[in-house]
Amino acid sequence: MKQEFIITIYSENHIGLLNRITINFTRRKINIESLTVSESAIHGVSKFTIVIKETEDRVKKVVRQLEKVVEVLKAFYHTNDEMVYQEIALYKVPTEALYESDDIENLVRKNGARILEITKEFTVIEKTGHKTETQEMFDALNQFGVLQFIRSGRVAITRDPIERLSEFLKERDDLLNQVD
Amino acid sequence: MATKRITGSQAVILSLLEEGVDTIFGYPGGAIMPIYDALYDFDKQVTHILTRHEQGAIHAAEGYAKVTGKAGVCFATSGPGATNLITGIADAMIDSIPLVCITGQVASPLLGTDAFQESDVVGISMPVTKWNYQITTADEIPGAIAKAFYLAQSGRPGPVLLDIAKDAQFQEVDYEYKKCTKIRSYIPEQPVDPFKVKEAADLIDGAKKPLLLFGQGVIIANAEEELKQFVEKTGIPAAWTLLGLSAMPTDHPLNVGMLGMHGNYGPNIKTNEADLIIAVGMRFDDRVTGKVSEYAKNAKIVHLEVDPAEIDKIIKTDVAVLGNAKKSLAMLTGNVKENRHEAWLQEFRDCDKIEQEKVIKKDTYPEKAGLTMGEAVRITSEIAKHDAVLVTDVGQQQMIASRYFKFTQSKSNVTSGGLGTMGYGVPAAMGAQLGAKGRTVCCFVGDGGFQMTIQELGTIVQNKLPVKIILLNNNFLGMVRQWQQLFFEKRYSFTELQNPDFIMIGKGFGMEGHKVTKREELEDGIQRMMDHDGPYLLEVVVEKEDNVFPMVPSGASVSDIILEA
C-alpha cells in the first residue's frame with residue numbers, strides 16, 4: 001500500500017548532486033511531493049528531506065540506490081509517525097479584509113499564526129504546521145480572498161536524541177579502515 | 001614530492017600514466033585539442049587508438065577493460081563527440097565495466113551559452129555513470145583523475161566521466177599526483193560478516209539439492225580459484241550467467257552450463273527444483289529469472305554480493321553475505337563441510353543428454369543442407385583449442401556463441417549483456433585484442449550488428465590488430481525475426497536486410513577475408529582465417545530462419561523452458 005514516507009539523505013555539498021538524487025525518483029516514475037535541502041548540523045554535510053508516496057518495498061529499494069550515489073553519506077526513510085516535521089506557509093490577504101471584521105484576527109490567533117507585514121494593500125500571514133493545518137488555514141482565509149499563497153517543503157527530524165549522522169560517520173570510518 | 005609547473009593538458013596525460021594507462025581509445029575535436037596536443041609527446045609511453053566513431057572508442061575501451069580487469073580509457077571532444085559515447089557508457093554501467101571517459105568541454109566562460117559544440121555532458125551522462133565531474137580549473141585535474149580511477153575500478157566497477165573545459169586544459173598547474181585510496185562518502189565493499197558466512201554455511205551443509213549460480217562478480221573479484229575450491233569441496237553443481245562465462249573452465253565436471261532465456265536446459269529447469277540457490281556475483285536479471293513470482297520457489301536463497309542495493313532487489317534472500325566474492329567465497333569454503341551430490345548432479349547430466357539430443361547435436365553437427373551458426377561456433381572454438389577470447393555482438397549469434405564456445409581461462413568472454421547493444425562486437429573485439437595481446441580474439445557478429453559499427457574495420461586494419469571476425473549472415477535481424485515467428489504470427493516487420501558485399505567492404509578497408517556458403521568449405525575456411533597473420537573477415541552464410549533454442553519464453557517461468565518450437 002502506498003503511503004507517505006520521509007526520506008532523509010546526508011551528503012557532501014557538491015554541484016550536481018541534487019540532479020543525481022532526483023533522477024533516482026524520475027527513472028522509477030515516483031513523484032516527489034516535497035523537497036528541502038540545507039546544511040546539516042555538521043559543517044559541509046547537506047541534508048535532503050524528500051517526501052514521496054510509495055509502498056515501503058519501493059522506498060527501501062530507492063533508498064539503497066540513493067546510498068550508492070558516491071557523494072551520499074547515508075540515506076534513511078521514515079514514516080510520518082516516526083518523525084517530527086513541519087512546513088511553513090505564507091498567505092497574502094487584502095488588508096481591507098482585516099478592517100472589515102475580526103475574523104482574520106481570530107483565525108490568526110486560533111491557528112497560532114502570525115502577521116509578518118502589513119501594507120495599505122495587503123497583509124502577509126505566516127503559519128507553520130502540517131500540510132493539513134496550513135491547508136485548513138488557507139481554506140478559511142480564502143473566504144476573504146487570498147491574493148497569494150506559498151507552502152515550503154517539509155523539514156523533519158527524528159525522535160532520536162542526537163543527530164544519527166555522527167554515529168554513522170564514525171561507523172563509516174571504522175568500515176573504511178577495516179576494508180583496507 | 002616536488003611539484004612542477006605544467007599545463008592542465010599535460011597534467012591529464014601524466015596523471016593517466018601514473019594510473020598505469022597504456023592504451024587510450026579516442027577521437028579528437030575542437031574542445032579536446034589541447035589534450036591531444038599534449039598526448040603527441042607521449043607516443044612512446046601510451047598507445048592511442050584513433051577509432052572511426054566515438055561509439056567505436058567506447059566499446060573498444062569496454063573490450064579492453066573486460067579482458068584486462070583495468071579501466072578502459074576513452075577521449076572524446078565536446079558536444080557530439082561526448083554524446084556519441086553515451087550508448088557505451090550506459091552499456092558499461094549496466095554491465096559493471098570500469099571506464100574512465102575524458103571529454104573536452106567548451107571554455108568555462110562559455111558554459112551555458114549554447115556555444116559551438118556545447119552540450120551538457122555531465123547532465124546527460126549522470127544517469128549512466130557511477131560518478132562524473134566537470135573540471136573548470138587545471139588544479140582540479142590530478143585529484144579528479146585519481147578519484148575517477150579509484151571509483152571506476154573499486155567496489156562494483158563502473159564508468160566515470162570527466163568533462164574538462166578547454167580553458168582548464170590550457171591553464172598551468174603545480175602538478176603533483178597522489179593516488180586516491182579513500183573517499184569519505186564511499187564504501188567500495190563491506191567487510192564480510194563471519195556470522196552471515198556461518199549462517200550460509202549451515203544452509204549449504206543442510207541442502208539436498210543445492211545449485212550455485214555465478215556471474216561476473218567472480219571475474220571482477222578475481223575469485224575464480226576461490227569459486228573452484230568452493231564447488232569442489234561441496235560438490236555443488238554450478239551454472240554461469242552470460243557475463244559469468246569463462247570464470248570456470250567449460251568442461252569442469254561441476255559446471256552445468258548457462259542460465260537464462262537461451263541458456264541450458266538443466267540449470268534452468270533445476271532452478272525450480274533446487275532447495276538452495278547460492279548466487280555469487282550475479283543480480284537475478286530478468287533474462288535469468290524468467291517469471292519472478294515462480295522463480296526458485298522451493299529454494300532458500302543465499303546471495304554473495306558486493307553491492308548492497310542488489311540484495312532483495314529482485315529475489316528475496318534468506319542469507320545475504322555482503323562483500324568481495326574473493327573473500328566471502330574463501331570464508332565460506334572454510335566453513336562448509338566436504339560433500340558430494342552425485343544423484344543431484346546426475347539429474348543435470350540427464351538434462352544435458354536430452355538437450356544434446358533435441359538441440360545441441362542439430363545445432364553443432366547439423367545434417368540439413370544449410371549451414372548453422374552452431375557448427376561455425378563449434379569449429380572455431382575447436383580450432384582455437386578452446387583458449388581464445390570470445391567477443392560477440394547481440395542477438396542470435398551472441399546466444400549461439402555463448403552456448404557453444406568453450407573456455408579454459410577467465411576474462412575470455414566479451415559481450416554486451418545488460419544493455420544488449422548491437423554494434424558492440426567489432427569495436428569491443430579490437431579493444432579486447434589490445435588488452436589481450438598475443439591471444440586469439442574471435443568475434444562473432446550478425447549481419448545486422450556488423451553494419452552498425454562496420455567503420456571500425458578501418459581502425460582494426462590501421463592498427464594491425466589480428467582480430468578474427470566471423471560474420472554469421474542470415475540476412476535477417478535474426479533474434480527479432482525469431483520472436484516475430486514465435487510470438488507475432490510470422491509478421492516479419494522490418495527485419496529482412498538487403499546486405500552489401502561484406503567481403504568487398506572488408507577488402508576496401510584492406511582486410512583479408514572470404515565467404516563460405518557450403519559445409520565442405522567451412523572447416524577449411526575457419527582454419528584459413530585462424531592461420532592468417534592479421535585481421536580476417538570470414539563470412540558464413542547460414543540458414544535464414546534458424547531459431548535459438550532452448551528458450552524460456554518472455555514472461556514464462558524457467559521451468560517452462562522449451563527445447564523446440
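# Two interfaces of chain B

Visitor: How many residues of domain 2 of chain B are in contact with domain 3 of chain B, and how many on the other side?

Guide: 18 residues of domain 2 of chain B touch 19 residues of domain 3 of chain B, where contact means heavy atoms within 4.5 Å. This is a predicted model, in which local features need pLDDT of at least 70 and side-chain atom pairs count only at pLDDT 80 or more, while totals for chains, interfaces and linings use all residues. Residues are numbered from 1 along each chain as its sequence is written, chains are lettered from A and ligands numbered from 1 in the order in which they are written, and side-chain values use heavy atoms, leaving out hydrogens and water.

Visitor: Where are those domains in chain B?

Guide: Domain 1 covers 4-175, domain 2 covers 194-348 and domain 3 covers 369-541, with bounds that come from an automatic or database domain assignment. The C-alpha centres of domains 2 and 3 of chain B lie 31 Å apart.

Visitor: What area do domains 2 and 3 of chain B bury between them?

Guide: They bury about 1,400 Å², with 60% of it on carbon and sulfur atoms; buried area is the accessible area (1.4 Å probe) that two parts lose on being put together, summed over both. On the domain 2 side, Leu242(B), Ser246(B) and His262(B) supply 39% of the area buried against domain 3 of chain B, more than any other three residues.

Visitor: And how many salt bridges does the rule find across that interface?

Guide: The rule finds zero between domain 2 and domain 3 of chain B, a salt bridge being a side-chain nitrogen of Lys or Arg within 4 Å of a carboxyl oxygen of Asp or Glu.

Visitor: Changing topic, how many residues does the contact of chain B and chain A take from each?

Guide: That contact takes 27 residues from chain B and 23 residues from chain A. The two chains bury about 2,200 Å² between them, 55% of it on carbon and sulfur atoms. In chain B, Met126(B), Arg184(B) and Ser185(B) lose the most area to chain A, together giving 32% of what that side buries.

Visitor: How many salt bridges are there across the interface of chain B and chain A?

Guide: The rule finds two across this interface. One of them joins Lys68(A) to Asp307(B), and the closest N and O atoms of that pair are 2.6 Å apart.
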